[in-house]
Amino acid sequence: MPALFDLSYILIFPALILSFWAQYRVKSTFQYYSRQNIRSGKTAAQIAQEILHSYGIGYVKIAKTPGSLTDHYDPRDKTLRLSESVYDSSSVSAVGVAAHEAGHAVQHAKGYIPLIFRNTIVPGINISSWAAIPLFLIGLVLRSKILITIGIFFYAGVVIFHFFTLPVEFDASRRALAILKKNYFSEQEYSGAKKVLQAAALTYIASALMAVLELVRLIFLSRNTGDHK
Ligand SMILES: [Zn+2]
């Protein structure tokens, strides 16, 4: 069983390579367009605020958060958190990222179904992603078909979560790019922001692929454990 367990990792290898490449792409693209400032000179935080106001969203706070590429919209306290390198920056990258996060706030305000569904399942997914692999492994050791199956079902929940993340992310970027093109960006600035957001989208695709292949790996392992009870 141990040798088989190791070999099964070959299954997730393509996703692992895509994931590393996507991480590299998002960092290098972000850095490249961080050096290009937009002509209007407005900061990412200012533009995010203006986008929110243009949708009549006055209740969302915009705050600074530590770290790099840690930008996110938190629907629980209705706060758009922009990382330190984004908040005060007027670069194409920073404004692109801030507009994307504003896109999530707009989705939330408009009740965009995939976002609502994703937010609803997050607590359950946190538990199942934490418990899936331990349950599966204990099931393998004890040769318990029930534990193995529960582990697989929990992991399937994680896969579903990744698949609901994709439309949410793509839609936030689509909203961001449309408004940036219409009100803020030149053609060149727009094409830079598009590249940054496409690179970010690739990291979500890589994560989803990784989750699917991991699920396939678990199913493969479960079928090769022999005496099930
Ligand atoms: Zn996003």
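A residue is called buried here if 20 or more other C-beta atoms, placed from the backbone, lie within 10 Å of its own; with 12 or fewer it is exposed, and in between it is partly exposed. The model is a predicted one, in which local features need pLDDT of at least 70 and side-chain atom pairs count only at pLDDT 80 or more, while totals for chains, interfaces and linings use all residues. Residues are numbered from 1 along each chain as its sequence is written.

Begin with the whole protein chain. Its C-alpha atoms fill a box of roughly 70 × 35 × 25 Å along the principal axes, and 34% of its 229 residues count as buried. Colour the chain by secondary structure: eight helices and three strands appear, in the order α-α-α-β-β-β-α-α-α-α-α. These are DSSP runs numbered from the N terminus (helices: H or I, at least four residues; strands: E, at least two).

Next, select residues 113-142, helix α6. Its end C-alpha atoms lie 41 Å apart, which agrees with the 44 Å expected because its 30 residues are taken at 1.5 Å each (1.5 Å times one less than the number of residues).

Move to Val-122, where α6 has a kink of about 50°, shortly before Pro-123. The bend is the angle between axes fitted to the seven residues ending there and the seven starting there.

Now display the side chains of Leu-115, Arg-118, Ser-128, Ala-132, Leu-135, Phe-136 and Gly-139, which are buried in α6. Add α5 (92-110), α7 (145-183) and α8 (187-223), against which the buried residues of α6 pack; contact requires C-beta atoms, placed from the backbone, within 7 Å.

Finish at Arg-143, which follows α6 and has a positive phi, near 55°.

Key:
Two residues are in contact if their C-beta atoms, placed from the backbone, lie within 7 Å.
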